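User: Could you take a close look at how the strands are arranged here, and explain it step by step for someone who is new to protein structure?

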Amino acid sequence: VMSLPIIPLLPLLPLSEPIERLATAKRLHDACITYGFFYLDLTGFATNEETEELRSLVQQFFDLPLDEKEKIWLGNGDWARGYQKLNENVTRGKPDAHEALDFYAPSPFYPSPPATPGAPEQAGVRPLSGENQWPPDPRFRERFERWVGRMKELGLIVMEAMALGLQLTPSEWASLRRQVENSFWVLRVIGYPPLPSGHDGFSCGSHKDYGCLTFLWADKTQGALQVFLPEPASSASISAHTGLATPTISESEHPRERMDLGPAIENGVRGTWISADPVERCIVCNIGEMWEIWTRGLYRSTLHRVLHQRGNYRIPFFYEPAFDALVSPLTGVDRLLSSLRDSADQQSEAYARVLLAEKTVYKPVIYGEFLMRKVGGNFDKSGDGGGRY
């Protein structure tokens, strides 16, 4: 049975042994190439008591009557921060069978006028221009702001380890750090209530995360998160090397999304859906689309989805670049790709990614502009918006 690797955080913390740190960074690097997903063991960094308190506060909020939750509805503010009702958020044109609370880093914009409830098209209301709306229990804001601080700290630790795995120089890591240390982070608190009869079972359809790093804490519910692992690019390396078409499937052959684990076709690509069930003391971490740009596709964001097995709670934190960060391919990665081109096993996944990188143009993006286009599609049921985190 295929499963995601578990990466211990302890060897990556300050004052760890350099040999252990380097070996763990190499394991992290391999996981980013092969899976784009991994478990991160938080032993020595966070406790079960801390996350259990967060879970309890989340449950208390979602157990409130709807009219109480709607007092901090996102439509009362900037249409990004606050409470989302069941089926209000959209992924790939389809409503998500969950309710949520969304919080963002402080706005980069001047405040917009207050929104009119029920009128998202109101002139002058700009997404992300407001302030976070918190539940009335003061413990909620205190505990979750503390969690945000911990996750921002974790983001820099993991980013530095990834830079080490990519063999960046200290100055190259310093340049990358400047792009993320003022992270325009996002915190989501998600509840999955019982589904109505006849529902297809998807709580959040298949999608990729579009930022930098996602740290997901989830309760003990099994079978909820599924990850799509494409067939290795190395299986197509000969085609990539010769310029022949890669073995994808035409859109007409793309079947309707199903709940099954195992072999599947997604967006014309063959692969396998696997479960990413909760592991004691671990969070699930995955990389977003900004890493595809930074590494010219050596690291790739991975499709995933959430199935509804019963009522449960999830707390994803998105560690993102700064709003004004110019994200472009890293100079040090060009050096690594060149080295892999000359020395890697020609049947390896890394070598295949090098060949694909040589044929692909990764254009720089300003992260905030990229994010605004994505946020604009979070409630778009046409399917053109691409969904959200």
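**Strands and their partners**

Analyst: In this predicted model, Ile6 stands opposite Tyr39, a residue of strand E2. That facing pair is a good place to begin, since strands of a sheet pair through backbone hydrogen bonds, either parallel or antiparallel. E1 and strand E2, which covers residues 37-41, pair in the parallel sense over three bridges.

Both strands belong to an open sheet of eight strands, whose order is E1-E2-E13-E9-E15-E7-E6-E3 and whose pairing is mixed. Strand E1 (6-8) and strand E3 (82-84) stand at the edges of this sheet, and because each has a single partner strand, one side of each is left without a neighbour in the sheet. Going from one strand to the next, the twist averages 25 degrees.

Another group of pairings centres on strand E12. Strand E10, made of residues 225-230, and strand E12, made of residues 269-275, run antiparallel and are joined by five bridges; within this pairing, Val227 has Ile274 in E12 as its bridge partner. Strand E11, which spans residues 262-266, also pairs with E12 in the antiparallel sense, over five bridges, and here Ile265 stands opposite Arg270 of E12. E11 and E12 form a hairpin with two residues between the strands, where Asn267 takes a positive phi near 55 degrees.

When you follow any of these strands in the viewer, it helps to remember that in a regular strand the side chains alternate between the two faces of the sheet.

Definitions and conventions
Residues numbered from 1 in each chain as written. Predicted model: local features only at pLDDT ≥ 70, side-chain atom pairs only at ≥ 80, totals over all residues. Heavy atoms only, no water. Pairing = 2+ DSSP bridges. Helix = DSSP H or I, 4+ residues; strand = E, 2+ residues; numbered from the N terminus. Axes fitted to C-alpha atoms, helices over the stretch in contact; angles between N-to-C directions.
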